[in-house]
Amino acid sequence: QESLLTARSRGQVVAAMKVADMKSACLDESSEEKTELTRSSSDGDEEAPAACHACGSQLDPGAKFCPACGEKRRQASPLANTKAMGCCCGCCLVTTIIAVVIAVCLVVSLNAFIKFGVDSVGSTLMGVPVSMDSVDFSLMQGRVSITELDVASPEGYSEDLFKLGRFVFDVSPLSLLSGWLSNFAKPIELEEVTLKNIGVWIEMQTLPTPGSNAQIVVSHMNDEVAQVAKIAPSLTTPLPTLSPGDTLKVGMAKIKADRVELSNISAAVTVQPFAPVSFTLPRVLIEDVGKKNDGVHLYEFIEILVRALLMSVIKAAPTNIQSNLAKGFGEDLWRDLDFTSMDLDLGNGLEKMGEFSGWVSAQAAMMPLRMATKGAEVTAKAVQAGTDMNTEALKIGSELTGMGVNAQAKAANAGVKASAKAAEEMAKLSTGFTNGLTTALTR
């Protein structure tokens, strides 16, 4: 037994010496291999403890030889790495597919959301049909372009109230994604909004009752806003299903915009029964829409555009119709909305809109005075015209009278001359007859 133990001890010593020699050899391997071992051992997914295939002893992670029998540790099958690589590539593929699906969903959803928002929310807010020719969303550029957006007038008016040639805005893709994922409870950030080539046609009727197409739209908009304010606290903003029943919920989607610019505005105002008065407005600039309250609702954004456009038209209108517009619908235009400033260009560069409510009230109050002044001017012109006509008539009458007197004098003179000539001729005839008779008797 002692010899057996001694042999076993010697075998263990020999095995230990072999292990020590092998460890020394392992330590002499290249630094690149050591680095790879260190990286693999420090990885989050460390190898689990393994057993030696020869003696069954437990092997430490990273050990290349068994400390008990000295056998070299078997390396993991290369198939495992291949599977790992395949898993990585598969994850990348799945991620790409998911990203593409999300992008397609965003484009389709936003196109449908914009069209539904403009057609349904805009029409409901203003009470007149609102339509567009097309909407195009470029996800790569983050730009949305709407062409030929028309806002009709109420019944009884011939022309559209607004015609927008082009409506372009840049949208932040991240805010669009977060808004979409939050069911549009988080605001969509519009980096810059531009409305170009805008036509405004305002028709003011005096008979049978005073009114205008703009006044009807503004009154309807004020009524709708008041109703929404009553029920808005009880609403949440779910993902729009784009059906008529969700018009109000889609209108509650939130929007923020750094700059909103309206340019190349042409306006025509008709005050019956007079001819239309046309004028232009180069530019209107609205800044920081939705900055105070972390966004404005979609219906409020449309409301800001409509009110800003009509207020600017009143400001830019010629003096002779400015009071008519202010009295007709201007006093109902102003409402405290979420934007920091509004500037307009009346031909001399951008200037602040200023305090609109007081200004438009003053303009409306001046309407009777301006009408009285205009009436006095018309009356004075009529009196002057009447006086001029009477003077001209007297002059013409005097000339006619003078011409009549001259004609009578000439006629009398002609009559005298004719009578004298006739008497002379009669005298000649009488003398000739007498002479002829005397001569005949003498013979």
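Two strands count as paired when DSSP finds at least two bridges between them. Keep that rule in mind as we walk through this structure, which is a predicted model.

Let's begin with the hairpin. Strand 9 and strand 10 form one, with 5 residues between them. Strand 9 covers residues 254-271 and strand 10 covers residues 277-289; the two run antiparallel and are joined by 11 bridges, so they satisfy the rule of at least two bridges. If you look for R259, you will find E287 of strand 10 standing opposite.

Strand 10 has another neighbour to visit. Strand 12, residues 341-345, runs antiparallel to strand 10, and 5 bridges join them. Here E287 turns up again, with S341 as its bridge partner in strand 12. E287 therefore faces R259 and also pairs with S341, under the DSSP bridge rule for strands.

Now step back to the whole protein for a moment. The chain folds into 10 helices and 13 strands. Of its 443 residues, 33% are buried. Among contacts with a separation of 6 or more, 64% are between residues 24 or more positions apart. The accessible surface comes to about 26300 Å², and carbon and sulfur atoms account for 59% of that.

Helix 5, residues 213-231, is a good place to see one such long-range meeting, since H220 is found there. Leaving aside residues up to four places away in sequence, H220 touches T124, L125, M126 and G127. T124 is 96 residues from H220 along the chain, yet their C-alpha atoms are separated by 9.1 Å. With G127 there is a polar approach as well: the backbone nitrogen of G127 lies 3.4 Å from a polar atom of the H220 side chain. H220 has a relative accessibility of 28%, so this histidine counts as partly exposed.

Our last stop is the aromatic rings. The model holds 2 aromatic pairs. One of them is F356 with W359, a tilted pair with 5.9 Å from centre to centre and 40° between the planes. Both residues belong to helix 9, residues 356-365, and sit 3 residues apart, about one turn of the helix. What is the relative accessible area of F356? It is 1%, so F356 is buried. W359, at 21%, is partly exposed, because the buried class ends at 20%. The face of W359 also has company: K315 lies over it, at 4.3 Å from the ring centre.

How values were computed
Residues numbered from 1 in each chain as written. Predicted model: local features only at pLDDT ≥ 70, side-chain atom pairs only at ≥ 80, totals over all residues. Heavy atoms only, no water. Phe/Tyr/Trp six-rings, centres within 6.5 Å; stacked < 30°, edge-to-face > 60°. Helix = DSSP H or I, 4+ residues; strand = E, 2+ residues; numbered from the N terminus. Buried < 20%, exposed > 50% of the residue type's maximum accessible area, 1.4 Å probe, protein only. Lys NZ or Arg CZ within 6 Å of the ring centre and 35° of its normal. Contact = heavy atoms within 4.5 Å. Polar contact = N/O pair within 3.5 Å; in protein donor to acceptor, adjacent residues only side chain to side chain. Areas by Shrake-Rupley, 256 points an atom, 1.4 Å probe, with all protein chains shown as cover.
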